[in-house]
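Here is a friendly walk through one protein model, meant to be read with the structure open beside you. Please have your viewer ready.

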Amino acid sequence: MEQPLHFHHNLDPEKLRHTFPDSPGVYLFKDLSGRVIYVGKAKNLRKRVLSYFRPSSGLPDKTSLMMKRASGLDYLLTSTEKEAFILESNLIKKFMPRYNVILRDDKRYPSLRFDIHEPFPHLSIVRRIKKDGALYFGPFSSAHAVRSTLKFIERIFPIRKCKTRGLPKRTRPCLNYEMGRCLGPCTLDVPVSTYREGVQQVRLFLEGRNQELIEQLRKKMVEAGEHLEFERAAGIRDQIRAIEKTVERQHVVSTKMEDEDIIGLASKESMRQLVILFVRKGSLMGSRDYLFKNQPCDPAEVMEGFLKQYYRKEAFIPKRILISEPVEDLLPITEWLSDLAGHKIVIYHPLRGEKRRLVERAVANAENLLNGRWESQKEDLVSIAQSALKLKMPPHHIEGLDISNLQGDEAVGSIVSFVDGLPHRSGYRNYRMKVINGIDDYGMMAELVERRVSKGHLPDLFLVDGGKGHLAVVKKVLDRQENPDVPEVISIAKQDKHQQEKHDKIYIPGRKNPIQLRADHPVLLLMMRIRDEAHRRAITYHRKLRGKHLKGSELDLIPGIGVKRKKILLTHFKDIHAIADATVASLISVQGINRSLAERIFSFFQGREI
C-alpha cells in the first residue's frame, strides 16, 4: 500500500542522505513552479536519488539538464519494487513529465476477430482487442494488409461473409453460396460440426500452421476421390494450391513456430527510432515504428520506457520479446508483463545466434527509417514554434486560455493543455469567475491567469484568445510573479474582415504588429487548434452552468409554478429553452397547465433572452 506523499524543497544531498528512506518507492523531481519534470522508481530510494547529485560531468546530458531545473522532490513509498514499477508507470501517464520517455501513438492497428463460441462465426476487422473470449489475429501493419488477408480467406474457405452477429434472415442463400464460398447456414440445415471444419481450417491458416492445414486438406481430397466426389476433390485441390502460393510469399524467420516481438532501436543525436517486428508462428506478419524526438537520454532508457508503456495497452503479449538494448529493470518488467498476459513472458537481449540476427534486422529497419526522417524532419513542430514565435524555450507544454460570459452572467474561464502538439486532457481545467463581475473581459482574463499560476505545474507557454489588450493584461500579471519559471505568453486574434485580413494573427509581447505567418503555417494551425479547443470548452462549460441556473430559477419567477409543475414542464419539454419557445397551445397540452397559466408562461418568456 502506498504511503502519503513526502516533499523535499531543499535538494541538499547531505540532508537527503539522512532523511531519504532506503525503501522501494517512486520519486518525482519538480521545477520551481511545482510541475513534475521527471518520475522514477527505485528499489532503494536513497541510493537512487543520491546518484543524481554527482558532478554534472558524470551525468548523462538529459539528467544534467533536468537537475538544473529541479528545485523540489516528492517521493512515495511502496511495499515492493514491483509496486513501485506499476506506480511509476501510472504517474508518467498522469503527469507526462518533460524528461521521461513518453510513448505517443494515436493509431489503432487492425486485427481480425473470430468468435469461435458462436455456432456459425464470421471474421471481422477490429481496431480494439478485447478480452471477450474471441480469437484475435494480428495486429496487421495496415488496413490494406488486413483487408487482403480477409479477402483471401473469404475466397478460399467456406465460412459466411455476412457481417451480422447472428445468422441473417433470408429466404434463399446469397451469391457466395452459389459461388461455392459459403455453406449457406442462413437458409440451409448445415450441421454445426460441418461448419466447424471450415472454422478450424481458417484458424490454422491465421495461426500460421499451414503445413498442418495442407495435410488435412490432402486427406480430405483423397477421401473425396475415393467416394467418386470429383468436383469436391477438385475444389479442395484448388484450396491447397492457393494456400501453398500464399505460404511461398510468407517470410519465415524461425522454424520453431514461435510467437515473438522483436524490438530494434536506432539513434542519431537526440532522435530515437524504434521498430517492432511481429513474428507469429515463425512467420513475419508485420511491423510498427515509433519516433522519439528530443530524447538525448540513453537508448536503454528509451527501450525501458517503451516496454513499460507499450505493453500495458496490448491485449496480446507474446511469450518472447527480443530487445536490442539491455534493460536495467528487466525482472520487475518481466513479472508485470507475465501478470498482464496470464502466462510467463521472457524478455531477452540476445548476443549471438539466430535471435541476434533477428534483432539486427529490426535495428537495420530502424536505422533505415531514421536516416530518411533525419533529412526531412530535422526541425520538429516544437522547435519550429520556438523560432516562429520568438520564444526563449521550446514550447513543449502549451495551455490555451479563454473566457466565456453573456452580459457578465455566469462568467467562466477554461484552460486546455497541449503537450508536444497533442491534447493532454488531464491538464484541462474550468474556472468560475469569482472576483470580477459585469462585462470585463480583461479583468476576468487577469483573474483566470492569477488563479492558474497559483496552482503551480505551469506550462512553457500561455496562448490567450484575444488581441493586444488581452496579451498586455496577461503579461502584466506574469511580470508580477516572483517565480522565474512563469510561462511566456502570446495571443491569437481572429482576422479583421473589414481590413481584408485573410487569416488569424498572432501577437507577441514587445511588438506592435502581429507576426507574419502564412495561412497554412503549421505553427499558426496549431495555435488555432488550441484556441478553438479552449473556446469550445469554455462555451460548453458556460452553457452547462447557465442551464443549471435556468432550471433552478427562471421557472420559479413565474407565479403559479411550484416544484411539481416545474418538474412536469421540464419532463415534457426536456429543457428550459424548449419551454421558452413553446406556444400557448403547446403549453396547454401539458397536464396540469391551464390556459391562464400557459398565457402567463408565454408572456414571461416573450422578449427574454434564454
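## Salt bridges

Let's begin with charge pairs: a search of the whole structure, which is a predicted model, finds 28 salt bridges. Side chains of opposite charge can pair when their charged atoms come close.

A good one to display is the bridge between glutamate 450 and arginine 480, whose closest N and O atoms are 2.5 Å apart. This pair links distant parts of the chain, 30 residues apart: glutamate 450 sits in helix α14 (residues 441–454), and arginine 480 in the loop between α15 (468–479) and β18 (488–493). Glutamate 450 has a relative accessible area of 37%, so it is partly exposed. Arginine 480, with a relative accessible area of 48%, is partly exposed too.

## Bridges between sequence neighbours, and a network

Arginine 536 and glutamate 533 also meet through their side chains, in a salt bridge of 3.1 Å from N to O. Both belong to helix α16 (residues 522–553), where they are three residues apart, about one turn of the helix. Is glutamate 533 buried or exposed? At 15% relative accessibility, glutamate 533 counts as buried, while arginine 536 is partly exposed, with a relative accessible area of 40%.

Another bridge joins the side chains of arginine 237 and aspartate 238, at 3.3 Å from N to O. Arginine 237 has 35% relative accessibility and therefore counts as partly exposed; aspartate 238, at 41%, is likewise partly exposed. For a case that goes beyond a pair, look at Asp31, Arg35, Arg98 and Asp460, which a network of salt bridges links.

## Aromatic pairs

Next come the rings. Searching the whole structure gives 14 aromatic pairs. In one of them, the ring centres of phenylalanine 120 and tyrosine 195 are 5.1 Å apart and the planes stand at 80°, so this pair is edge-to-face. Phenylalanine 120 lies in the loop between β5 (111–114) and β6 (123–126), whereas tyrosine 195 lies in helix α7 (residues 192–206), so the pair ties together parts that are 75 residues apart in sequence. Phenylalanine 120 counts as buried because its relative accessibility is 13%. Tyrosine 195 is buried as well, with a relative accessible area of 1%.

Rings also gather elsewhere: Tyr27, Phe29, Tyr38 and Tyr52 form a cluster linked by ring pairs.

## The loop between β5 and β6

The loop that holds phenylalanine 120 also holds aspartate 115. At 10% relative accessibility, aspartate 115 counts as buried. What does aspartate 115 contact, leaving aside its neighbours within four places in sequence? The contacts are with Pro121 and Ala134.

## Nonpolar cores

In soluble globular proteins, nonpolar side chains tend to be buried together. Here, the largest nonpolar core has 29 residues, of which Leu112, Phe114, Leu123 and Ile153 touch the most other members. Two or more residues come from each of β5, β7 (135–137), α5 (143–156), α7, α8 (210–226) and α9 (230–249). Which element gives the most to this core? That is α7, with six residues.

Leucine 123 is a handy residue to centre your view on. Not counting residues up to four places away in sequence, leucine 123 touches Leu112, Arg113, Phe114, Leu150, Ile153, Ile159, Lys163, Val202 and Leu206. There is also a second, separate core of 26 residues, which includes Tyr290, Val302, Met303 and Tyr310.

## Helix α3

Helix α3 (residues 61–69) has several buried residues, namely Lys62, Thr63, Ser64, Met66, Met67 and Arg69. These buried residues pack against two strands, β2 (25–30) and β3 (36–42), and against α10 (299–310).

## The hairpin of β9 and β10

Strands β9 (residues 271–280) and β10 (residues 283–292) run antiparallel and are joined by nine bridges. To follow one of these pairings, start from glutamine 273, whose bridge partner in β10 is leucine 291. Two residues lie between the strands of this hairpin, where lysine 281 takes a positive phi near 55°.

Conventions: Residues are numbered from 1 along each chain as its sequence is written. This is a predicted model: local features need pLDDT of at least 70, side-chain atom pairs count only at pLDDT 80 or more; totals for chains, interfaces and linings use all residues. Side-chain values use heavy atoms; hydrogens and water are left out. Rings of Phe, Tyr and Trp (its six-membered ring) pair if their centres lie within 6.5 Å; planes under 30 degrees apart count as stacked, over 60 as edge-to-face and the rest as tilted. Helices (H or I, at least four residues) and strands (E, at least two) are DSSP runs, numbered from the N terminus. Buried means under 20% relative accessible area, exposed over 50%, partly exposed in between (1.4 Å probe, protein chains only). Contact means heavy atoms within 4.5 Å. Two strands pair if DSSP finds at least two bridges between them. A nonpolar core is a set of buried Ala, Val, Leu, Ile, Met, Phe, Trp, Tyr and Cys residues joined through side-chain atoms within 4.5 Å. A salt bridge is a side-chain nitrogen of Lys or Arg within 4 Å of a carboxyl oxygen of Asp or Glu.
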